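Q: Could you take a close look at one small part of this structure with me, and then show me how that part fits into the rest? I'm a first-year student, so plain language would help.

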Amino acid sequence: IDMNLKSINPYNGKQLASYKQHSQSQLTNKVQKTHKAWINYQQTTLAQRSVWMENLAQQLLLNQEHLAKLVTEEMGKPLQDGIAEVKKCAAVCQYY
């Protein structure tokens, strides 16, 4: 049985990528790292988090064409909708 996760373009059925399933030890390791990162994140200031969110918004906007193409391929949305999706995500980051 093929347990890989496949990304399929819903418009044309073409496989875009395949991702190998993680082992139980890999998953445990990722959960532990994520928990440690969350503990560290809780110690940051609101000002620092705001800077990170603004930086993320800027990166989304700088890469909006590439990201919109991914949205189009992976979700089957028209390119203009993909661009709107990226801009919406950037606006949410700027809001918070």
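A: Let's start with A17. Its relative accessibility is 22%, so A17 counts as partly exposed. That's just past the cut-off, because buried means under 20% relative accessible area. Keep in mind that you're looking at a predicted model.

Where does A17 sit? You'll find A17 in strand β2, which covers residues 15–19. Leaving aside residues up to four places away in sequence, A17 touches L5, K6 and S7. Take K6 from that list: K6 and A17 are 11 residues apart along the chain, yet their C-alpha atoms are separated by 5.9 Å.

Now hop over to S7, another of the residues that A17 touches. S7 belongs to strand β1, residues 5–8, so our contact between A17 and S7 joins a residue of β2 to a residue of β1. Is S7 buried or exposed? With 14% relative accessibility, S7 counts as buried, because that value is under the 20% cut-off. S7 has quite a list of contacts, again not counting residues up to four places away in sequence: K14, Q15, L16, A17, Y19 and E74. Pick out E74 in that list, since residues 64–75 make up helix α3. In other words, S7 in strand β1 touches a residue within the range of helix α3.

What about the stretch between the two strands? N9 is found in the loop between β1 and β2. You might ask whether a loop residue like this one is buried or exposed. N9 counts as buried, at 9% relative accessibility. Outside the residues up to four places away in sequence, N9 touches K14, L16 and E73. K14 and L16 turn up in the contacts of S7 as well, and E73 falls within the residue range of α3.

That brings us to helix α3 itself. Helix α3 has 12 residues and reaches 15 Å from its first C-alpha to its last, which is close to the 16 Å expected at 1.5 Å a residue. Just after α3 comes G76, which takes a positive phi of about 75°.

Next, let's visit the aromatic rings. A pair of aromatic rings is described by the distance of the centres and the angle of the planes. How many aromatic pairs are there? The count comes to 3. One of them is W38 with Y41, a stacked pair at 5.5 Å centre to centre with 25° between the planes. Both of these residues lie in helix α1 (residues 24–42), 3 residues apart, or about one turn of the helix. W38 is partly exposed, with a relative accessible area of 46%, and Y41 is partly exposed too, at 30% relative accessibility. Y41 has another partner: the ring centres of Y41 and W52 are 6.1 Å apart and the planes are at 25°, so this pair is stacked. Here the pair links distant parts of the chain, with Y41 in helix α1 and W52 in helix α2 (residues 46–62), 11 residues apart. W52 is partly exposed, with a relative accessible area of 39%. Put together, ring pairs link W38, Y41 and W52 into a cluster. There's also a charged neighbour here: R49 lies over the face of Y41, at 4.2 Å from the ring centre.

While we're in helix α2, have a look at N55, which lies there too. N55 counts as partly exposed, at 43% relative accessibility. N55 and T45 are 10 residues apart in sequence, and their C-alpha atoms are 16 Å apart in space. Set that beside A17 and K6, with their positions 11 residues apart along the chain and 5.9 Å between their C-alpha atoms.

Finally, zoom out. The protein chain has 4 helices and 2 strands, and along the sequence they follow the pattern β-β-α-α-α-α. What is the radius of gyration of the chain? It comes to 17 Å, while a compact globule of 96 residues would have one near 12 Å. Along its principal axes, the C-alpha trace spans about 45 × 40 × 15 Å. Of the 96 residues, 10% count as buried, and S7 and N9 are among the buried ones. Among contacts with a separation of 6 or more, 39% come from residues 24 or more positions apart. The chain exposes about 7,800 Å², with carbon and sulfur atoms supplying 58% of it.

Note on methods
Residues are numbered from 1 along each chain as its sequence is written. This is a predicted model: local features need pLDDT of at least 70, side-chain atom pairs count only at pLDDT 80 or more; totals for chains, interfaces and linings use all residues. Side-chain values use heavy atoms; hydrogens and water are left out. Rings of Phe, Tyr and Trp (its six-membered ring) pair if their centres lie within 6.5 Å; planes under 30 degrees apart count as stacked, over 60 as edge-to-face and the rest as tilted. Buried means under 20% relative accessible area, exposed over 50%, partly exposed in between (1.4 Å probe, protein chains only). A charge sits over a ring if NZ of Lys or CZ of Arg is within 6 Å of the ring centre and within 35 degrees of the ring normal. The expected span of a helix is 1.5 Å times one less than its number of residues. The radius of gyration is taken over C-alpha atoms; the globule rule is 2.2 Å times the number of residues to the power 0.38. Contact means heavy atoms within 4.5 Å. Accessible areas come from the Shrake-Rupley method with a 1.4 Å probe; for residues, only the protein chains shown count as cover.
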